[in-house]
Amino acid sequence: MNPATALAFILAGCSLGLLQEQNRSRRWRRVGRMAAGTVAFVGALKLVGYGFGWRVGLDRLLFAQRLGDNEMAPNTAAYFLLTGLALALLDVRTRRGLPPSQGLTLLTAVGSFLSLLGYVYGADSLYIVGPFIPMAVNTAMLFQLLSLGILAARPGRGATRVITDPGIGGLSARRLLLAALVVPVVCGWLRLLGERGGLYGGEFGVALMVASTTMIFAAIAWWTGAALARVDDQRRQSVEALQRTAAEIHGLYENAERQVAQRTVELTEANQALQTQIDEHRRAQLDLRQSEERFRLLVESIEDYALLMLDPEGHIASWNSGAERIKGYREEEILGRHFSCFYPREDIEDAKPERMLEAAAAEGRVEDEGWRIRRDGAPFWASVVIHAIRDDEGRLIGFSKVTRDITERRRAGEQIDELNAQLRQRLRELAAINRDLEHKNQENEMFVYSVSHDLRSPLVNLQGFSNELREVCSDIRSVIADHSLPEDVQRRALDLIDKDAAESLHFIQSAVTRLSSIIDALLRLSRAGRIEYQFREVDLSAVVARVADAMKSTIDEKEAVVSVGELPPVWGDATAVEQVFANLIGNALKYLDPGRPGQIEIGWRGESSGDPAHHTFYVRDNGLGIPEHQQSKAFQAFQRLHPHMAGGEGMGLTIVRRIVERHGGQIWIEPEETPGTTFHLTFPAPPHQCGDALGERAYSNTERSEERARAISGDCVSGR
Amino acid sequence: MPEQSLVIVLAEDDDGHASLVQRNLKRAGIANEIVRLEDGQQALDYVRREGEHAGRPPNGPLLLLLDINMPRVDGVEVLRRIKADETTAKTPVIMLTTTDDPREVQRCYELGCSVYITKPVEYEAFVEAVKRLGMFLQVVSIPPQGG
């Protein structure tokens, strides 16, 4: 090798090293480019020398003595030119196609490759150009290496980009390229070897080379294809996975978009709502201010109540005209003071104001009635309500206090209590008097009973023996008649018997009869009071019908008409009630006016006015009637208005009244315009209409009147 | 026969009442012996042949006329005891009394009296009742008292 060639190679190598991509220093790159230029110049100079026949060159300069005939070959020089240019233009890019350095380098590579092949196959025309000195084999190899290095210096551009491609392309390029470079050379060399060794002839050698080349390439192609297929599979899977992921992401993205849209809508709505709220709030605030103003006016206007606000410790925070009127303080002198100044001293010492506040704070409100003190020291009786006022979080922010002056009311209340006590006392006294009277009545009745009963015994004798006397007289008369006596003696005896004795006996007997009748009447009267009643619901209609039926003969005889209205049931003793109506109807029949047809009416007047527990009935006749001045005596015993008209002792009405009174009712004569008499009488209603068993047992009048008093006072509620 | 004929026993404390009964019975023609006693104890003694009347000779059937209001033992008590004792329970008893209290009447009938008559008595009806009762008793054989 020519020394200049060696030098040029050294320079080219240095240049290549300096122009690596990693080297960022501009200075070294410039040095590198200068080296490259020098190499190109050397080559160009030699070429020019060859062209003009000069023997110039770097080698001449440096190693003239030892050179002899050694010179740089022209192709070498050309290649140095190309290489130098390629190095210098290493960073020049083109938009499309091959970068210039790569093109130049490829030329160099191909050319040196051919030279190399020539050496391998012994075809010298490949490495000799004309008559000139040939390129040395090491030169060719070095050019190969250098080209490779230059191509490798910028692996990402142009042709090298395919080789360095990390994907399928790079893979296949690398494998095939290697094969393409090596296999044919080897096969050709093997063919030549075989041919030159005489192993086989020209056609055989070609066939062998072709076959081997074909097979090797086929195998390489298959191997590459398989590898490619694998890679491609992986790629496809990755792509699919990617697509799936992409789809997922797309889906998520759409979802997210939807959610976002939704959320946007929600937010918009929320925003609107918020806006509305803000508007409302503003309006509410306005209303609040207005109502606060109205409230303040209201509180101010109330004069009968003291309305104050206290702070949590009890100091007065607000005042109104009512407070001024009741307590006597003006607003400016009372604000800020503690409200205990209204309390009497003993309450202050007892810590009552503080206790009231504590109670109000604990239970929300506290009520009190008590003495309070006005500004001038005068006490008044107050009704006080204290409310605890809390904010939204429950913190105590103060108290409201409403005070009313109820001194008057208290006085009135005390008066009422006193009157009530007096009333109760009076009622008790009356009840006691009633009981007393009832006892006396009962005693009277017992007395009457026992007396009349005792009177019966002598009555028996009177009746009996007056009868005996009559018998005796009659016997004497027979004796006189039987015996023959002197006529005047007989007449005188008979006179004595028939006139004197008979008259005396007559009077005695009539008196005895009267006595008996009176005693009977007294006994009946006392029985009316004594006899025990059995109270139950009495069908009054049936009872009156029975009475009318029993008296039918008398009614028909007197040609009277008895009409009975609808009568509700009453509560009483059936026998006694029947007795009452029998007596009243009997009386009506007895004392009819002979001048007009008798009409007797029995009816119901409805509930007694004001007393839902009783019914009022009437028995009316159009008979002789009772003069007004004598009506008061009608119910008295032994009073008879028309003794000659009918028999009887005059006990009937007395007994009737006793019976009615024992039932808790009343009987009186009602004044009417028409002639005749109208009795009104009341009986109690059956208890289910009153919700209270007024007469489950035989009540005494006193007990019943007490019961009635209670009923009237409201314990008995009419359930009709 | 004296042992067999009916004896009327009248227990009445009032002499007047007793006399009236006796007169009326006699006037009506009843000839049976009438024994007048003055209170309930005597009545019991007589019927049972005890006490005051312990030694009395036994007699035939008895008819009792009892007043209620008597001293010592009253008529109702006599009635009860008579009717409670088997030997005397069949004796007919007529209550003759002033009391007309229905409860009293009820009680006497429950105790077993035959008739309850209130005084003053309607003697005609009373005598009739006695006669009939007597005839009834004569017909029905009653074991002799104290036999």
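Student: Why is the pair Glu468(A) and Arg27(B) called a salt bridge?

Tutor: In this predicted model, the closest N and O atoms of Glu468(A) and Arg27(B) are 2.5 Å apart. The cut-off for a side-chain nitrogen of Arg and a carboxyl oxygen of Glu is 4 Å, so the pair counts as a salt bridge.

Student: How many salt bridges does the rule find across the interface of chain A and chain B?

Tutor: There are four across that interface. When the whole structure is searched, the number over all chains is 46.

Student: What makes Arg456(A) and Asp100(B) a salt bridge?

Tutor: Their side chains meet with N and O 3.6 Å apart. That value is within 4 Å, so the rule accepts the pair.

Student: How do you know that this pair crosses between chains?

Tutor: By where each partner sits. Arg456(A) is in helix α15 of chain A, whereas Asp100(B) is in the loop between β4 (93-97) and α4 (102-111) of chain B.

Student: What is the buried area between chain A and chain B, and which residues of chain A lose the most of it?

Tutor: The two chains bury about 1400 Å² between them, with 51% of that on carbon and sulfur atoms. In chain A, the residues that lose the most area to chain B are Arg456(A), Val460(A) and Glu468(A), which together make up 37% of what that side buries. The size of an interface is often expressed this way, as accessible area lost when the parts come together.

Student: How many residues of each chain take part in the contact?

Tutor: Chain A gives 13 residues and chain B gives 15 residues.

Student: What else does the rule find across the interface besides salt bridges, and which elements of chain A supply that side?

Tutor: Seven residue pairs are in polar contact across the interface. On the side of chain A that touches chain B, α15 (407-482) and α16 (487-530) each supply at least two residues. The most come from α15(A), which gives eleven residues. By residue type, that side of chain A divides into three nonpolar, five polar and five charged.

Student: What makes Asp14(B) and Asn461(A) a polar contact?

Tutor: A distance of 3.1 Å joins their side chains. The cut-off for a pair of N or O atoms is 3.5 Å, so 3.1 Å falls within it.

Student: Where does Asp14(B) lie, and which residues does it touch?

Tutor: Asp14(B) is in the loop between β1 (7-11) and α1 (15-27) of chain B. Leaving aside residues up to four places away in sequence, Asp14(B) touches Ser457(A), Asn461(A) and Arg36(B). Asp14(B) and Asp39(B) are 25 residues apart in sequence, and their C-alpha atoms are 9.7 Å apart in space.

Student: Why is a space of about 40 Å³ counted among the cavities?

Tutor: The count takes in cavities of 30 Å³ or more, and there are two. The largest has a volume of about 40 Å³. A cavity is a place where the probe fits but cannot get out, so it is a closed space.

Student: Which helix gives the largest share of the lining of the largest cavity?

Tutor: That is α6(A), with three residues. Among the lining residues are Ser101(A), Gln102(A) and Thr105(A). The lining divides into four nonpolar, three polar and two charged residues.

Student: What is the volume of the largest pocket, and which residues are closest to its centre?

Tutor: Its volume is about 840 Å³. Of the 24 lining residues, those closest to the centre are Gln144(A), Leu148(A), Leu151(A), Leu177(A) and Leu181(A). Leu is on the list of nonpolar residues, so these four Leu residues count as nonpolar. In the lining of the largest pocket there are 19 nonpolar, four polar and one charged. The most come from α6(A), with seven residues.

Note on methods:
Residues are numbered from 1 along each chain as its sequence is written. Chains are lettered from A and ligands numbered from 1 in the order in which they are written. This is a predicted model: local features need pLDDT of at least 70, side-chain atom pairs count only at pLDDT 80 or more; totals for chains, interfaces and linings use all residues. Side-chain values use heavy atoms; hydrogens and water are left out. Contact means heavy atoms within 4.5 Å. Buried area is the accessible area (1.4 Å probe) that two parts lose on being put together, summed over both. A polar contact is a pair of N or O atoms within 3.5 Å; within protein, one must be able to donate a hydrogen and the other to accept it, and residues adjacent in sequence count only if both atoms are side-chain atoms. Helices (H or I, at least four residues) and strands (E, at least two) are DSSP runs, numbered from the N terminus. On a 1 Å grid over the protein atoms alone, a cavity is a set of points where a 1.4 Å probe fits but cannot get out, and a pocket is an open set with protein on both sides within 12 Å along at least five of seven lines; lining residues have an atom within 4 Å of a point. Grid points are joined across faces, edges and corners, and a volume is the space filled by probe spheres set on the points.
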